Every structure is written in C-alpha cells, then in structure tokens.
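The exercises that follow ask you to read a structure residue by residue and element by element. Try each task with the sequence and structure at hand before turning to its solution.

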Amino acid sequence: MGIASKYNKGNGFNFRVPESFGYKTLDELYKKNGENHVYTVKALYINKKSQYGDAPVIATDECLVNAPSHLLDTVNEMILDEEIHEAANNGALGFTIYSYTTDKRKGTFYSIKWVDIEKGVI
C-alpha cells in the first residue's frame with residue numbers, strides 16, 4: 001500500500017447488499033445455529049444512522065448482522081485494511097458467535113470471534 005492510498009476512502013468490498021436483506025441479532029443467530037457455526041463475512045460497514053451512535057455492521061451471505069458496539073474501533077480498522085477486503089472478497093473471512101455473562105449486568109450477551117476460513121483458525 002502506497003503512502004497516499006491509505007487516505008482513499010473507497011469501499012474495497014465487492015459485495016453489494018441486496019434490498020431483500022434484513023438485520024439479525026447475534027442472539028437470533030446464536031439460538032438458530034449455535035456457537036460453532038462459521039458465518040462468511042462479505043462486507044463490513046458502519047451504520048452512521050443508528051439511534052445509539054455509530055454501529056458496526058457485518059454483511060454475510062444471508063443477512064446483515066449488528067455487531068457489538070465494543071467492536072466499533074476494530075471494524076473501523078478492518079474497513080481500511082486491504083487484506084481484509086481481499087479475504088472478504090474471496091470468501092476467506094468469517095466469524096463465530098459466543099455467549100458470555102458479566103457481573104456488571106444481568107443477562108446473556110453475545111460477541112464474535114473472527115475466523116480465517118482458509119486456515120480454519122478460530
């Protein structure tokens with residue numbers, strides 16, 4: 001990557017989200033497919049119109065997924081990374097969902113682990 005290319009803000013993802021796509025929560029996907037299901041990442045973006053501020057979104061081959069807000073900085077970095085674009089465009093980037101609890105709040109919460117589909121790394 002050249003010195004100036006990091007400031008080119010074009011979208012490096014080839015996937016275009018179909019109008020028919022809806023949003024799914026991590027909770028819904030976890031309950032449907034469990035912890036070990038690998039979702040293929042087709043594109044990443046930041047929803048600037050969320051009622052809670054900027055929100056990371058993952059486009060899979062089936063739906064849009066609201067990612068946890070604690071991943072906002074990570075997803076922003078990934079959006080600018082040419083290796084991530086290449087991996088997503090080639091079907092090699094994925095994620096799994098895990099659940100967790102915390103002493104600070106009641107309930108079950110969900111987050112994701114990024115997966116290199118080609119290497120099977122979770």
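**Exercise 1.** Decide whether Thr60 is buried or exposed in this predicted model, and work out which residues it touches beyond its neighbours up to four places away in sequence.

*Solution.* Begin with the accessibility: Thr60 has a relative accessibility of 3%, and since buried means under 20%, Thr60 counts as buried. Next, place the residue in the chain, where Thr60 is found in the loop between β4 and β5. Then look at its polar side, where the side chain of Thr60 reaches the backbone nitrogen of Glu62 at 3.1 Å. Finally, list the contacts with residues farther along the sequence than four places, which are Phe15, Phe21, Tyr39, Thr40, Lys42, Val65 and Phe95.

**Exercise 2.** Describe the sheet that contains β2, β6 and β7, and find which strands stand at its edges.

*Solution.* First establish the order, which is β2-β6-β7 in an open sheet of three strands with antiparallel pairing. β2 and β7 each have a single partner strand and therefore stand at the edges, so that one side of each is left without a neighbour in the sheet. Now take the pairs one at a time. β2 and β6 are joined by two bridges, and across this pair Tyr39 faces Phe95 of β6, while Thr40 faces Gly94 of β6. β6 and β7, in turn, pair over eight bridges, and here Ile97 stands opposite Ile112 in β7. Setting aside residues up to four places away in sequence, Ile97 touches Leu26, Leu29, Tyr30, Glu35, Tyr39, Tyr110, Ser111 and Ile112.

**Exercise 3.** For helix α1 and then for helix α2, determine which residues are buried and how they are arranged around the helix axis.

*Solution.* In α1, which spans residues 26–33, the residues Leu26, Leu29 and Tyr30 are buried. Seen down the axis of α1, these buried residues fall within an arc of 100 degrees, so they line one face of the helix. Lys31 and Lys32, by contrast, are exposed on the other side of α1. The cover over the buried residues of α1 includes β1, β2, β5, β6 and β7, and the helix is followed by Gly34, which has a positive phi near 80 degrees.

The same steps serve for α2, residues 72–79, whose buried residues are Leu72, Val75 and Met78. Seen down the axis of α2, they fall within an arc of 125 degrees, so they too line one face of the helix. The face turned away from this buried side carries the exposed residues Asp73 and Glu77, whereas β3, β4, α3, β6 and β7 are among the elements that cover the buried residues of α2.

**Exercise 4.** Establish whether His85 is buried or exposed, and identify its contacts beyond four places in sequence.

*Solution.* His85 belongs to helix α3, and its relative accessibility of 10% means that His85 counts as buried. Apart from neighbours within four places in sequence, His85 is in contact with Gly12, Phe13, Met78, Ile79 and Leu80.

**Exercise 5.** Find how many residues the largest nonpolar core has and which of them have the most contacts inside it.

*Solution.* The largest nonpolar core has 30 residues, and Leu44, Ile58, Phe95 and Ile97 are those with the most contacts inside it. To see where this core comes from, note the elements that give two or more residues to it, namely α1, β3, β4, β5, α2, α3, β6 and β7.

Conventions: Residues are numbered from 1 along each chain as its sequence is written. This is a predicted model: local features need pLDDT of at least 70, side-chain atom pairs count only at pLDDT 80 or more; totals for chains, interfaces and linings use all residues. Side-chain values use heavy atoms; hydrogens and water are left out. Buried means under 20% relative accessible area, exposed over 50%, partly exposed in between (1.4 Å probe, protein chains only). Helices (H or I, at least four residues) and strands (E, at least two) are DSSP runs, numbered from the N terminus. The arc is that of the directions from the helix axis to the C-beta atoms. Contact means heavy atoms within 4.5 Å. A polar contact is a pair of N or O atoms within 3.5 Å; within protein, one must be able to donate a hydrogen and the other to accept it, and residues adjacent in sequence count only if both atoms are side-chain atoms. A nonpolar core is a set of buried Ala, Val, Leu, Ile, Met, Phe, Trp, Tyr and Cys residues joined through side-chain atoms within 4.5 Å. Two strands pair if DSSP finds at least two bridges between them.
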